[in-house]
Amino acid sequence: MPMTHYPKTTDNLVFAWVQPAPPDAPMKEGMPDFLGRPYSELNLFREPIPPGEFVVAYHDAQPFTRFYGTCACDQPLEVTISFSNGDVDADGIVVHDSNIAELNYDGEALKLLYDPAKQGPTGKFFVTIFGRFLRVEVKNVGEEPTTMLRAYVRGSVF
Amino acid sequence: MHLTLPTDAGEPLSAVVVADAQVRCHEFTTRTRQVSLRNTGTNTLWLSFDKKAWFDVACGTSWDDRVSVEELWYCTQVGKTRFVVIGIALLEPPSPETPAPEED
C-alpha cells in the first residue's frame, strides 16, 4: 500500500459542551454539508451540571500532537485533562468504546481552575499529549447549577 | 480504436461515509479502477478489501491506489470518524462492433 499523505485535519473538534444547546438549523440547499452532521451530534451537553458534579468524555489521543481549547461558564469550573497509556484494559481486552473509560488515566496533563471573573487568564488551555487515550473532565465547583457553558477541546496534528 | 473519453477518465463514484466500531461495507455502484479517500474525522480509519487484511488511514490523511474493487470494509477502533471516498469506475473498452463517429 502507498504511503498516506501528511495530515491536514478539517474536522478537529474533539469535544464540545455548549449550554444552551444551539438548535439544528436546516442546511442551505445546494451547499456542501460543511459540518457533516447535525450540531446536536457534536454537542455533548445534555443537562446543567449541578454543583460538585462533572461530565467526562474520552477520545483516542493518538491522532493528535496537542490539544487546545477554551471554556466559559457562569460557575467556576475545574477542567482536568489526563491521559492513559494502556493499550488493553485490566482483562487484556484491546481498548474499544466499551472499555475506554476503565483505563487508568495516570497522566494528568492539566487541571484548569476556571474563574468566571478571570475569563482571560483562566478561560483557555493548551497541552501536549502524554498518552494514547484522552480523558477530559469538566467539574462544576461553584454553588449553583450551570446556566451557561461553553467548553471546547480541539486537537492539533502539527 | 476510437475513444470518446480520455484514456484516464472515469465516472466518479463519491460518497461521504461515517465509520464507527462496527465493521461495515461500502458498496460501489460498479467495479472501480481507482479508489481515493480522505479521512476527514478525528479518529483513525481501518480499511479492508477482503475483511481479512486491514490497514489504517490516520485522521486528516488521504489514501489512494489503483484498485479494482466493488466494495470496501471499514471501521474504527474507538469513536467515529468521517471519510470521503471516491471510486473511479472501471471503463469498459468500446465494443469492436461500435462504429466510430463519422468525421466531416
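**Two chains, their strands and their interface**

In chain A, 79% of the contacts with a separation of 6 or more come from residues 24 or more positions apart. The model behind this value is predicted. Buried residues account for 27% of the 158 residues in chain A. Along the principal axes, the C-alpha atoms of chain A fill a box of roughly 55 × 50 × 30 Å.

Chain A contains two helices and eight strands. From the N terminus on, its elements run β-α-β-β-β-β-α-β-β-β. A strand therefore opens the series, and a helix follows it. Four strands come next, then the second helix. Three strands close the pattern.

Chain B has eight strands and zero helices. Read along the sequence, its pattern is β-β-β-β-β-β-β-β. Of the 104 residues in chain B, 29% are buried. Contacts in chain B were also sorted by separation along the sequence. Among those between residues at least 6 apart, 77% join residues at least 24 apart.

Four strands of chain B form an open sheet. Their order is E2-E7-E4-E5, and the pairing is antiparallel. Strand E2 (24–27) and strand E5 (54–57) of chain B stand at the edges. Each has a single partner strand, so one side of each is left without a neighbour in the sheet. From one strand to the next, the twist averages 35°.

Within this sheet, strand E7 of chain B stands between E2 and E4 in the order. Strand E4 of chain B stands between E7 and E5. Strand E4 covers residues 45–48 of chain B, and strand E7 covers residues 71–76 of chain B. The two strands pair in the antiparallel sense over four bridges. One bridge can be named by its residues: B:Ser48 has B:Trp73, in E7(B), as its bridge partner.

The two chains also touch each other. On the chain A side, 22 residues are in contact with chain B. On the chain B side, 20 residues take part in these contacts. By class, the side of chain A that touches chain B has eight nonpolar residues. It also has ten polar and four charged residues.

Definitions and conventions:
Residues numbered from 1 in each chain as written. Chains lettered and ligands numbered in written order. Predicted model: local features only at pLDDT ≥ 70, side-chain atom pairs only at ≥ 80, totals over all residues. Buried ≥ 20, exposed ≤ 12 C-beta atoms within 10 Å, placed from the backbone. Contact = placed C-beta atoms within 7 Å. Pairing = 2+ DSSP bridges. Axes fitted to C-alpha atoms, helices over the stretch in contact; angles between N-to-C directions. Nonpolar A, V, L, I, M, F, W, Y, C, P; charged D, E, K, R; others polar.
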